[in-house]
Structure formats: C-alpha cells, structure tokens
Amino acid sequence: MIGVMREVNLAGVDLNLLPALEALIRLRNVTRAGEAVGLSQPAMSRALARLRALLGDPILVKTPGGLAPTARAAALAPQLAASLDRIGAVLRPQLFDAEALDRTFHIAAADVLSVLLGPPLLASLRSLAPRAKLRFVGFGGDVRERI
C-alpha cells in the first residue's frame with residue numbers, strides 16, 4: 001500500500017517540539033529527554049503525545065530492553081540532528097574577525113588631536129586589524145564631502 005503524502009504547514013507546527021523529538025530519539029527515555037531540553041517529565045510526555053499526533057507514528061515503543069525508536073523515528077534522527085545544527089548556526093551570532101577587516105575608518109578631528117591620537121590609535125589598529133586603515137580629516141565645511 002502506498003502511503004498518503006500530506007503537506008505540513010510549518011506555521012502550524014510548534015518548532016519547539018523538534019529538540020524534544022531529537023532528545024527522545026537519542027536518549028530513549030522520557031524523563032532524561034525532558035531534562036535535556038528543560039522540560040518536566042509530564043511536559044515531555046505531552047510533547048511526545050503531540051509529536052505522535054503530528055508524525056502519525058508512535059516514535060518510541062516499549063521493548064524488553066526499554067524504549068526503542070520506531071523505524072521512522074530512527075530514519076528521522078540524522079536529518080533532525082543536522083537540521084537543528086543548521087538552525088542553531090543561523091541563530092548564533094557571527095564572531096567578529098578583526099584580522100579580516102578590510103576597510104577605512106574616517107575620523108574628523110582637529111589637527112592637534114590627529115597628531116596626538118593618531119599614532120597610538122594607528123598602532124592599536126595595526127595590531128588588531130592589520131588590513132584596516134585610518135584617515136583623519138580636518139574640520140571645516142562639509143566633512144562628508146571629503147570622505
């Protein structure tokens with residue numbers, strides 16, 4: 001018998017269930033899976049019930065050795081783990097790499113400040129961001145025209 005394909009409307013899916021599903025499949029224990037994702041055992045049991053309804057699959061079944069993932073759950077595990085990693089990468093802040101910074105900073109300052117602050121500021125910039133440049137422009141007129 002050929003299974004019926006149904007579209008899943010992601011807007012109607014609680015995506016918080018995905019880390020719960022991953023933990024349930026990986027740990028094969030409702031209590032430990034709940035602890036792993038910060039849910040109480042009753043809350044994880046409710047999440048499991050919701051996942052079973054969403055997927056149309058029991059996800060975990062009792063065996064003599066404890067709970068075991070169904071064939072569908074086992075097949076989902078690698079995709080699920082990879083998807084959660086990718087989502088995490090999207091949400092993690094990007095690290096700032098000063099050494100790769102390649103731009104010019106324009107500083108409008110009086111001549112005396114350029115002379116006093118320029119050398120130490122440039123030395124610091126060269127050690128932290130060797131490809132970055134400083135350009136001092138004096139006051140007077142529209143500074144933006146000279147940048």
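**View 1. What surrounds the buried side of α1.** The cover over the buried residues of α1 includes α2, α3, β1 (60–63), β2 (66–69) and α4. Please keep in mind, here and in the views that follow, that this is a predicted model. The residues of α1 that are buried are Leu17, Ala20, Leu21, Glu22, Ala23, Leu24 and Ile25. Just past the helix, arginine 28 has a positive phi of about 55 degrees.

**View 2. The largest nonpolar core, with α1 as its main contributor.** This core holds 17 residues. If you would like to find its best-connected members, look for Leu21, Leu24, Ile25, Met44, Leu51 and Ile59, which have the most contacts inside it. Two or more residues come from each of α1, α2 (30–37), α3 and α4. Of these, α1 gives the most, with six residues.

**View 3. Isoleucine 25 and its neighbours.** Zooming in on one of the core residues, we find isoleucine 25 touching Ile59, Pro69, Ala73, Ala77 and Leu80, leaving aside residues up to four places away in sequence. Isoleucine 25 is among the buried residues of α1, and it also belongs to the group with the most contacts inside the largest nonpolar core.

**View 4. Where α1 crosses α3.** The two helices pack at an angle of about 100 degrees, and their axes are 10 Å apart. That angle makes α1 roughly perpendicular to α3. On the α1 side the contact is made by Leu17, Ala20, Leu21 and Leu24. Facing them from α3 are Met44, Ala47, Leu48, Arg50, Leu51 and Leu55. Sorted by class, this contact has nine nonpolar residues, one charged residue and no polar ones.

**View 5. Aspartate 14 paired with arginine 50.** Here is one of the four salt bridges in the model, with the closest N and O atoms of aspartate 14 and arginine 50 lying 3.2 Å apart. Aspartate 14 sits in the segment before α1 (17–27) and arginine 50 in helix α3 (residues 41–55), so the pair ties together parts that are 36 residues apart in sequence. Both partners are partly exposed: aspartate 14 has a relative accessibility of 26%, and arginine 50 has a relative accessible area of 44%. You may recognise Arg50 from the previous view, where it is listed among the α3 residues that meet α1.

**View 6. A salt bridge within α1.** Glutamate 22 and arginine 26 form this pair, and their closest N and O atoms are 2.8 Å apart. The two residues are four places apart in helix α1, so about one helical turn separates them. In general, an α-helix has 3.6 residues a turn, so residues three or four places apart point the same way. Glu22 is buried, whereas arginine 26 is partly exposed at 48% relative accessibility.

**View 7. A salt-bridge network at Asp102, Arg131 and Lys133.** These three residues are linked in a network of salt bridges. Within it, the side chains of arginine 131 and aspartate 102 meet at 3.4 Å, N to O. Arginine 131 lies in the loop between α5 (111–128) and β4 (133–137), and aspartate 102 in the loop between α4 (71–91) and β3 (104–108), so that this pair links distant parts of the chain, 29 residues apart. Arginine 131 is partly exposed, with a relative accessible area of 43%, and aspartate 102 is also partly exposed, at 47% relative accessibility.

Methods
Residues numbered from 1 in each chain as written. Predicted model: local features only at pLDDT ≥ 70, side-chain atom pairs only at ≥ 80, totals over all residues. Heavy atoms only, no water. Buried < 20%, exposed > 50% of the residue type's maximum accessible area, 1.4 Å probe, protein only. Core = buried A, V, L, I, M, F, W, Y, C linked by side-chain atoms within 4.5 Å. Contact = heavy atoms within 4.5 Å. Axes fitted to C-alpha atoms, helices over the stretch in contact; angles between N-to-C directions. Parallel < 35°, antiparallel > 145°, perpendicular 65-115°, else oblique. Nonpolar A, V, L, I, M, F, W, Y, C, P; charged D, E, K, R; others polar.
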